[in-house]
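Colleague: I've just opened this one for the first time. Could you walk me through how to read it?

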Amino acid sequence: MKHPTALIWCAGLLGLLNAAPSYYWAAGGDALLGSIGQWLIDLRAEMPGLTGLALLGIALGKTGAAVVPIVAAHQLTSRRLTSHRPTSRRVRSRTASSEGLSPVRRRPASREVRCWNLSRLVAAGLIVYGAAGLLVNAGLLLWPGLDLQDPTARLGQALLWYPMLLLWGLVLAAGLRRLRASVAA
């Protein structure tokens, strides 16, 4: 891929694809709900409004996790193109100026840095959560003689949801690494 942010855009698309079923379920849809678990179907029957709000919150969280790295990549590439911006500034506190002390040089916690660090945290969390869920569910499915209470959910988790999270995290991590290398060069 020629463009250093292409992988980050692909990761964002994977994240939005992962969020889409949550929006659908929050709106009352039923398709693939059994692949999450019978517990969710039962909970939704008992408390549809609260479950819908929880699913909407999950969908919004996934959307945020998909969009923040794209914003961070945009900020990083635009900062590189307009590198005339200072990376630090002098900050003089009231106490320092009133006591005649020299100004303190501090680097502000910028939005760019927060978005970048949050993107790295999202990638790491997706990789760990996706890999752990995949291993646990695959292990439960493959364990000889184990009687599963909800095999449909285990299959859905092992073959669809956790691999999607893991793939999303791996693509995002690769994109962040590639972008960082291109900016450093």
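Colleague: Let's start with trust. What pLDDT does the protein chain average?

Modeller: Keep in mind that this is a predicted model. The protein chain averages a pLDDT of 86, and 82% of the residues score at least 70.

Colleague: And where in the protein chain is confidence lowest, and where is it highest?

Modeller: The low end is strand 1 (residues 89-91), with a mean of 45, while helix 1 sits at the top with 97. Over residues 84-98, pLDDT stays under 50. The model does have 21 contacts beyond four places in sequence for that stretch. Still, where pLDDT is low, the predicted coordinates should not be read in detail.

Colleague: Got it. How many helices and strands does the protein chain have?

Modeller: The count is 6 helices and 2 strands. Going along the sequence, you meet them in the pattern α-α-α-β-α-β-α-α.

Colleague: What share of the contacts in the protein chain with a separation of 6 or more comes from residues 24 or more positions apart?

Modeller: That share is 72%. You can check individual pairs as well. Take G64, which belongs to helix 3: 49 residues separate G64 from G15 in sequence, yet their C-alpha atoms are 8.9 Å apart in space. G64 itself is partly exposed, with 28% relative accessible area.

Colleague: Speaking of exposure, what percentage of the residues in the protein chain is buried?

Modeller: Of the 185 residues, 33% are buried. The accessible surface of the protein chain comes to about 11600 Å², and carbon and sulfur atoms account for 66% of that surface.

Colleague: Can we look at a buried residue? Is S119 buried or exposed?

Modeller: S119 counts as buried because its relative accessibility is 0%, and the cut-off for buried is under 20%. You'll find S119 in helix 5 (residues 111-142).

Colleague: Which residues is S119 in contact with, leaving aside neighbours within four places in sequence?

Modeller: With those neighbours set aside, S119 is in contact with V68, P69, A72, L172 and L176. Closer along the chain, the S119 side chain reaches the backbone oxygen of C115 at 2.7 Å. There's also a C-alpha distance to look at: S119 and V67 are 9.3 Å apart in space, though 52 residues apart in sequence.

Colleague: Now a loop. Where does S35 lie?

Modeller: S35 is in the loop between helix 1 (6-26) and helix 2 (38-46). Being in a loop doesn't settle exposure, so look at the value: S35 has a relative accessible area of 8% and is buried. Beyond its neighbours within four places in sequence, S35 has contacts with T152, A153, G156, Q157 and W161.

Colleague: Which backbone oxygen does the side chain of S35 reach?

Modeller: The one of L32, at 2.5 Å. L32 is in the loop between helix 1 and helix 2 too. Notice its backbone: L32 isn't a glycine, but its phi is positive, about 65 degrees.

Colleague: What about charges? How many salt bridges does a search of the whole structure find?

Modeller: First the idea: side chains of opposite charge can pair when their charged atoms come close. Here the search finds 1 salt bridge. The side chains of D30 and R44 form the pair, at 3.4 Å from N to O. D30 is in the loop between helix 1 and helix 2, R44 is in helix 2, and the two are 14 residues apart.

Colleague: Are D30 and R44 buried or exposed?

Modeller: They split. D30 is exposed, at 54% relative accessible area, whereas R44 counts as buried, at 13%.

Colleague: Last one. Which residues make the nonpolar surface patch?

Modeller: Y23, L53, L56 and L60 make it, and the patch is about 370 Å². Helix 3 (residues 48-81) contributes the largest share, 3 residues.

Colleague: Why does L53 count as exposed?

Modeller: L53 counts as exposed because its relative accessibility is 59%, and exposed means over 50%. L53 lies in helix 3, the helix with the largest share of the patch.

Terms used
Residues numbered from 1 in each chain as written. Predicted model: local features only at pLDDT ≥ 70, side-chain atom pairs only at ≥ 80, totals over all residues. Heavy atoms only, no water. Patch = residues over 30% accessible without salt bridge, like charges linked within 9 Å, V, L, I, M, F, W, Y side chains within 5 Å. Areas by Shrake-Rupley, 256 points an atom, 1.4 Å probe, with all protein chains shown as cover. Salt bridge = Lys/Arg side-chain N within 4 Å of Asp/Glu carboxyl O. Helix = DSSP H or I, 4+ residues; strand = E, 2+ residues; numbered from the N terminus. Buried < 20%, exposed > 50% of the residue type's maximum accessible area, 1.4 Å probe, protein only. Polar contact = N/O pair within 3.5 Å; in protein donor to acceptor, adjacent residues only side chain to side chain. Contact = heavy atoms within 4.5 Å. pLDDT = per-residue confidence, 0-100.
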